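Good morning, colleagues. Please have the sequence and the structure open while I speak.

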Amino acid sequence: MSHGPRSGLLAVSTALLAMSRHLEVRDVLKTIVASARDLLDAQYAALGVPDDHGGFAQFVVDGVSDAQWKAIGPLPRQHGILAAMLHQARPERLADVREDPRFEGWPAAHPDMSDFLGLPIRDGDEVIGALFLANKNCVKPEGGCGFTEDDEDLLGILAQHAAIALTNARLYERSRELTIAEERSRLAHELHDAVSQKLFSLRLTAQAAAALVDRDPDRAKGELQQVAALAAEAADELRAAVVELRPAALDEDGLVATLRTQIQVLDRAHSARVTFDSCGVRALPAAQEEAMLRVAQEALHNALRHSGAARVDVTVEKRGPGAVLRVTDDGSGFEPRATRRAGRHLGLVSMRDRTNGVGGELTVESAPGKGTTIEMEVPGG
């Protein structure tokens, strides 16, 4: 929390150093909004990073409690003054945001705001975010804005350095993702070798036990105990690998942001149009988030590799105390009643197992030539 205005080169230098100290994107965003709010002595500050679908991939606030933020509800869409900053790439300084003709209201739990200062964050010609402040802690001039032209200049300097810090953080995360991919590939090879050896030993030991059952029951019993020990070791290695292979992005960004990022990559990589939207979903238990991510990945793989779809739409939304994932494509479809063949080919058995493992329910709707919809519903945590 801020405790009063700070000004001068020392304050600006402190803010810029704080931004450059962090490598994680979300940490950088939090530092930017906290620094802006502190430097310009505002009651509220926020920074939104837009997605390609009319919403925000990330939205960070300062000056709003966790309880308030939870009560406000889903992330805002790109509309009104926020949209103007993003699409017209110009600063906005308003005496009262509520009286601006572009103002479209806000949720009931949203704090009341009056004077407003906002700037786009630009990387070259690309607008990569919008930074804004509200409610300057000062005596407002009659009919005027508490934020001054000097405030706008200072926020502009901060926005320029924020662009550099945010771009560097993104580059770092991409580099780390490549490193993680390489490490997982290495781990997969090691896991394959280790488990293959264990399974080979299990098979030989079980064969020896079977040969000894009739003529030497005591030795057969010893061999069976060895089988049990080898099986336990293999299970431990698999369990450790599963824990290590949990997607790192889930722990840091959560399900919605992770899915959004992956789907943006798929949309660029494939000729099919791949879209993502979410509504009202916040954090879920870790096991549920991982299961939903894996089912989404499997369904997307099927749609993009096997169905010939021109469009695939993915949504995650709140349903009662839980959430529902839906993956819909306009591809060739299949006959769901051919369960064994289709189940093996499209990974439906794996998807059902993952869904059942977190107490959820999976439904599949498809028909030849009619596309496919896979829906996974999980209960609340």
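The crossing of helix 8 and helix 10 is left-handed, meaning that the near helix is turned anticlockwise from the far one by less than a right angle, a clockwise turn being right-handed. Two packed helices are described by the angle between their axes and the distance between the axes. Helix 8 (residues 286-305) and helix 10 (residues 348-357) pack at about 165 degrees, and their axes lie 9 Å apart. Helix 8 is therefore roughly antiparallel to helix 10, a term used for angles over 145 degrees. The axes here are lines fitted to C-alpha atoms, for helices over the stretch in contact, and angles run from 0 to 180 degrees between N-to-C directions. On the helix 8 side, the contact is made by Ala291, Arg294, Val295, Glu298, Ala299 and Asn302; helix 10 contributes Met351, Arg354 and Thr355. Contact means heavy atoms within 4.5 Å.

Before going further, I should state the basis of these values. This is a predicted model, in which local features need pLDDT of at least 70 and side-chain atom pairs count only at pLDDT 80 or more, while totals for chains, interfaces and linings use all residues. Residues are numbered from 1 along each chain as its sequence is written, and side-chain values use heavy atoms, with hydrogens and water left out. Helices (H or I, at least four residues) and strands (E, at least two) are DSSP runs, numbered from the N terminus.

Which sheet do these helices pack on? Helix 8 and helix 10 belong with an open sheet of five strands, ordered 6-7-8-10-9 with mixed pairing. Two strands pair if DSSP finds at least two bridges between them. Strand 6 (273-279) and strand 9 (361-366) are at the edges with a single partner strand each, so one side of each has no neighbour in the sheet. Ignoring direction, neighbouring strands are turned by 10 degrees against each other on average. Strand 7 (residues 311-319) and strand 8 (residues 322-329) pair in the antiparallel sense over eight bridges, and Val312 stands opposite Asp329 in strand 8. Helix 8 touches strand 6, strand 7, strand 8, strand 9 and strand 10 (372-378), its direction making about 10 degrees with that of strand 8. Helix 10 touches strand 9 and strand 10, and its direction makes about 150 degrees with that of strand 9.

I turn now to another sheet. This open sheet of five strands has the order 2-1-5-4-3, with antiparallel pairing. Strand 2 and strand 3 stand at its edges, each with a single partner strand, so one side of each is left without a neighbour in the sheet. The twist averages 10 degrees from one strand to the next. Six bridges join strand 1 and strand 2 in the antiparallel sense, with Pro50 opposite Phe56 in strand 2. Helix 2 (residues 25-40) packs on this sheet, touching strand 1, strand 2, strand 4 and strand 5.

Helix 4 lies across strand 1, strand 2, strand 3, strand 4 and strand 5, at about 140 degrees to strand 5. Is helix 4 mostly covered or mostly uncovered? Helix 4 (residues 80-88) is mostly covered, with seven of its nine residues buried, that is, under 20% relative accessible area (1.4 Å probe, protein chains only). Among them are Ile81, Leu82 and Met85. Ala89 follows helix 4 and has a positive phi, near 50 degrees.

Finally, the protein as a whole has 10 helices and 10 strands, and buried residues make up 42% of its 381 residues.

Note on methods. Buried means under 20% relative accessible area, exposed over 50%, partly exposed in between (1.4 Å probe, protein chains only). Angles under 35 degrees count as roughly parallel, over 145 as roughly antiparallel, 65 to 115 as roughly perpendicular and the rest as oblique.
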